Amino acid sequence: MSFPEGFLWGAATAAYQIEGAATEDGRGPSIWDTFSHTPGNVYRGDTGDIACDHYHRLEEDLDLMADLGIKAYRFSVAWPRIQPEGMGPANPKGLDFYRRLVAGLRERSIEPMLTLYHWDLPQTLQDRYGGWTSRETSERFAEYASLVYEALSGSVPYWITLNEPWVSAWMGYGLGRHAPGRKSTAEALAATHHLLLGHALALEAMRSSGGEGRRIGITLNLSPVRAASQHPADLEAARRVDGNANRLYLDPLFPGSYPEDLLDFYRERGIEPPPVREGDLDKISAPVDFLGVNYYMRHTVRASGGGAGPAAGTRFGYLGAETVLPEGAGTTAMGWPVEPGGLTELLVRIKEEYTEVPIFVTENGCAVHDYVDPEGEVNDRERISFLDSHLRAAHAAIERGVDLRGYMVWSLLDNFEWAEGYSKRFGIVYVDYGTQRRIPKDSASWYAEVIRRGGLEG
């Protein structure tokens, strides 16, 4: 089961989750520093102060990638490491770290894929402007993007503006489970628009700077949605969830509009739609060079409080909906259902309904209850099964005409898993946080063989 020639096999990480060195070399505080240091926000009070200490172990981690044969590495730049207060000139020491990172990748024939924003907003912008609820932050983001692009565009071929704007907006401003911990549907809607506007302004600024051959895109976390039953209430709940989780981001980026049915739902509840100005949607729908897709699960949805069986999550309570576990589906250590067919469904839908631009799966993986056995090994057969089945699903999408160019496993390393702290492990490499020892898991060996072979067996 071979993948196309030139397919980018890679792994992904994020700055706050692995770097550590939270106060070194001029780095300012981010909303995640503040959030994680606030009691009750993160499991057992864990923080990203040290994380995987990647900042000090860069060469070791680069060698680890080379040993695995990884062809591409998706990483994020910490905005407060470049602009400690989210504005002003670039911090030279911050840029130097990423120059070393990119140079090290190039020396090892690994393609850099740079994400400009993976949730670590400078705290000053949250304090001064209300973070992503303000247009001011969108403008500051474009200035930051220009600084990084000017410094690194000569050696980085792939640029991602934002990672998962749904999570930034709804988990951070709507549900309060992520930084900055706000709980307001109106703020989440405002943050949605200003995140997308920030993407648009950054795209415009980077393209105006030139950089022949540089490809710029955005990464969305997307999930197919199905109703738990054919009951009208469940069907309507599923449509609302699809509107909020998928169409609220795909529609403005491609057709250039927000889904009216979803905005009407909010208006009926006295919640104003995003503060769109004339020309905003034209900018947001400017063509991208590729789309990044993060896929973890399909959502099976019922109307809140209805039907049989326990709810699997309440992240869509503001929509009068809740997710349930489909019968017979396995789950990950996060409690998420394992449904690889959802990836095929999602990729084909994007092609048929939205765009035929190249797609990268920029995150896919699972949390497993990993441990080091007495022989010093980590047998994570559940992760191997998960990755194998999802790569087969990706291959099925390619066979149906999807222009899929690469796959980034989440994650290279076990890391700080946001509100879950260090309790959940997604890496193909085990990290003993006390000693910072790296131990490649069985899944790392399996993935290295997939890369070497350029595909799957059978």
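These legends go with four close-up views of a predicted model.

**View 1. Helices H8 and H9 pack against each other at about 155°.**
Here H8 covers residues 165-174 and H9 covers residues 185-208, and their axes sit 8 Å apart. With angles over 145° counted as roughly antiparallel, H8 and H9 are therefore roughly antiparallel to each other. Their crossing is right-handed. On the H8 side, look for Pro165, Ser168, Ala169, Trp170, Tyr173 and Gly174. They meet Thr185, Glu187, Ala188, Leu189, Ala191, Thr192 and Leu195 of H9. Sorted by class, that contact holds eight nonpolar, four polar and one charged residues.

**View 2. Helices H10 and H11 cross at roughly 115°.**
H10 runs over residues 232-253 and H11 over residues 260-267, with axes that come within 9 Å. This crossing is left-handed. H10 brings Arg239, Arg240, Gly243, Asn244, Arg247 and Leu248 to the contact, while H11 supplies Asp261, Leu262, Phe265 and Tyr266. The mix here is four nonpolar, two polar and four charged residues.

**View 3. The largest pocket holds about 830 Å³ of space.**
There are 40 lining residues, and those closest to the pocket's centre are Met171, Met297, Arg315, Met334 and Trp336. Several elements put two or more residues into the lining: H8, H10 and the strands S8 (299-303), S9 (311-313) and S10 (321-324). H8 has the largest share, at three residues. As for chemistry, the lining of this pocket splits into 19 nonpolar, 13 polar and eight charged residues.

**View 4. The largest cavity encloses about 60 Å³.**
Searching the whole structure turns up three cavities of 30 Å³ or more, and this view zooms in on the largest one. Its lining includes the aromatic-looking cluster of names Trp32, Tyr117, Trp119, Trp132 and Tyr173. Ile31, Val167, Ser168, His178, Ala179 and Pro180 also belong to the lining. Helix H2 (31-36) and H8 are the elements that give two or more residues to it. Once again H8 turns up, here with the largest share of the cavity lining, three residues. By class, the cavity lining has nine nonpolar, two polar and no charged residues. Two residues tie this view back to View 1: Ser168 and Tyr173 line the cavity, and both also sit in the contact of H8 with H9.

Definitions and conventions. Residues numbered from 1 in each chain as written. Predicted model: local features only at pLDDT ≥ 70, side-chain atom pairs only at ≥ 80, totals over all residues. Heavy atoms only, no water. Axes fitted to C-alpha atoms, helices over the stretch in contact; angles between N-to-C directions. Helix = DSSP H or I, 4+ residues; strand = E, 2+ residues; numbered from the N terminus. Left-handed = near helix turned anticlockwise from the far one by under 90°. Contact = heavy atoms within 4.5 Å. Nonpolar A, V, L, I, M, F, W, Y, C, P; charged D, E, K, R; others polar. Parallel < 35°, antiparallel > 145°, perpendicular 65-115°, else oblique. 1 Å grid on protein atoms, 1.4 Å probe; cavity = no way out; pocket = protein on both sides within 12 Å on 5 of 7 lines; lining within 4 Å. Points joined across faces, edges and corners; volume = space filled by probe spheres on them.
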